[in-house]
Amino acid sequence: QMQLQESGPGLVKPSQTLSLTCTLSGGSITTSYYRWSWIRQPPGKGLEWIGYIDSRGYTSYVPSLKSRTSISRDTSKNQFTLQLSSVTPEDTAVYYCVRVSSDWFVNYWGQGTQVTVSS
């Protein structure tokens, strides 16, 4: 059974860098054709795509967050990491790591982790 688990601090101060790690069990992040992705949901709003890293290590980010976002991976630990710099209270959200198939279906979700940006 494949599982994704997010980890990281639940509280980040404004202007700092948010860093979250997703650990995959029951699979490999180097398996072809999948995009290992981050999505978030701000309070009272819909889901927002952040970006992904694929099995080759190629990354892609949503334009609105691209200048502040970096997604990397550690294949030895089967993990991928989100870093979002210069955060503001508007970055407060539940953050999810997900697996996206080659035809753009989200077929596995982590449980999500709440991140609050506040001083």
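Let's start with the rings: this structure holds eight aromatic pairs, where rings of Phe, Tyr and Trp (its six-membered ring) pair if their centres lie within 6.5 Å, and planes under 30 degrees apart count as stacked, over 60 as edge-to-face and the rest as tilted. Before we go on, you should know that this is a predicted model, in which local features need pLDDT of at least 70 and side-chain atom pairs count only at pLDDT 80 or more, while totals for chains, interfaces and linings use all residues. Residues are numbered from 1 along each chain as its sequence is written, and side-chain values use heavy atoms, with hydrogens and water left out.

Back to the rings. A pair of aromatic rings is described by the distance of the centres and the angle of the planes. Take Tyr52 and Tyr58: their ring centres are 6.4 Å apart and their planes meet at 55°, so this pair is tilted. Tyr52 counts as buried at 10% relative accessibility, whereas Tyr58, at 45%, counts as partly exposed. Here buried means under 20% relative accessible area, exposed means over 50%, and partly exposed is in between (1.4 Å probe, protein chains only).

Now look at Tyr96 and Trp109. Their ring centres are 5.4 Å apart and their planes are at 90°, so this pair is edge-to-face. Tyr96 lies in strand β9 and Trp109 in strand β10 (residues 106-109), so the pair ties together parts that are 13 residues apart in sequence. The strand names come from DSSP runs, numbered from the N terminus: strands are E runs of at least two residues, and helices are H or I runs of at least four. Tyr96 is buried, with a relative accessible area of 17%, while Trp109 is partly exposed at 40%.

Trp109 turns up again on the surface, where Leu47, Val106 and Trp109 form a nonpolar patch with about 270 Å² of accessible area together. Patches are made of residues with over 30% relative accessible area and no salt bridge; like charges are joined within 9 Å, and nonpolar side chains (Val, Leu, Ile, Met, Phe, Trp, Tyr) within 5 Å. The accessible areas come from the Shrake-Rupley method with a 1.4 Å probe, and for residues only the protein chains shown count as cover.

There is also an aromatic cluster, formed by Tyr34, Trp36, Trp38 and Phe80. Tyr34 has a charged partner too: the charged end of Arg99 sits over the Tyr34 ring, 3.7 Å from its centre. Likewise, Arg35 lies over the face of Trp104, at 3.7 Å from the ring centre. A charge sits over a ring if NZ of Lys or CZ of Arg is within 6 Å of the ring centre and within 35 degrees of the ring normal.

What about charges that meet each other? The count comes to four salt bridges, each one being a side-chain nitrogen of Lys or Arg within 4 Å of a carboxyl oxygen of Asp or Glu. Arg40 is a good place to look, as its side chain meets Glu48 in a salt bridge (2.7 Å, N to O) and Asp91 in a salt bridge as well (2.9 Å, N to O). Arg40 lies in strand β4 (residues 35-41) and Asp91 in the loop between β8 (79-84) and β9, so that pair ties together parts that are 51 residues apart in sequence. Both Arg40 and Asp91 are buried, but Glu48 is partly exposed at 23% relative accessibility. Add Arg68, and you have a network of salt bridges linking Arg40, Glu48, Arg68 and Asp91. Elsewhere, Asp54 and Arg56 meet in a salt bridge (2.6 Å, N to O); Asp54 is buried at 8% relative accessibility, and Arg56 is exposed at 65%.

Next comes a covalent link. The structure holds one disulfide, meaning a pair of cysteine sulfur atoms within 2.5 Å. This disulfide joins Cys22 to Cys97, with 2.1 Å from S to S. Cys22 lies in strand β3 (residues 18-25) and Cys97 in strand β9 (residues 93-100), so the pair ties together parts that are 75 residues apart in sequence. The torsion about their S-S bond is about 60°, so the disulfide of Cys22 and Cys97 is right-handed. Both cysteines, Cys22 and Cys97, are buried.

Finally, a look at the backbone. Most residues other than glycine have a negative phi. Asn78 has a positive phi of about 55° although it is not a glycine; Asn78 lies in the loop between β7 (69-74) and β8 and is buried at 14% relative accessibility. Ser86 also has a positive phi, near 50°. You'll find Ser86 in the loop between β8 and β9, partly exposed with a relative accessible area of 43%.
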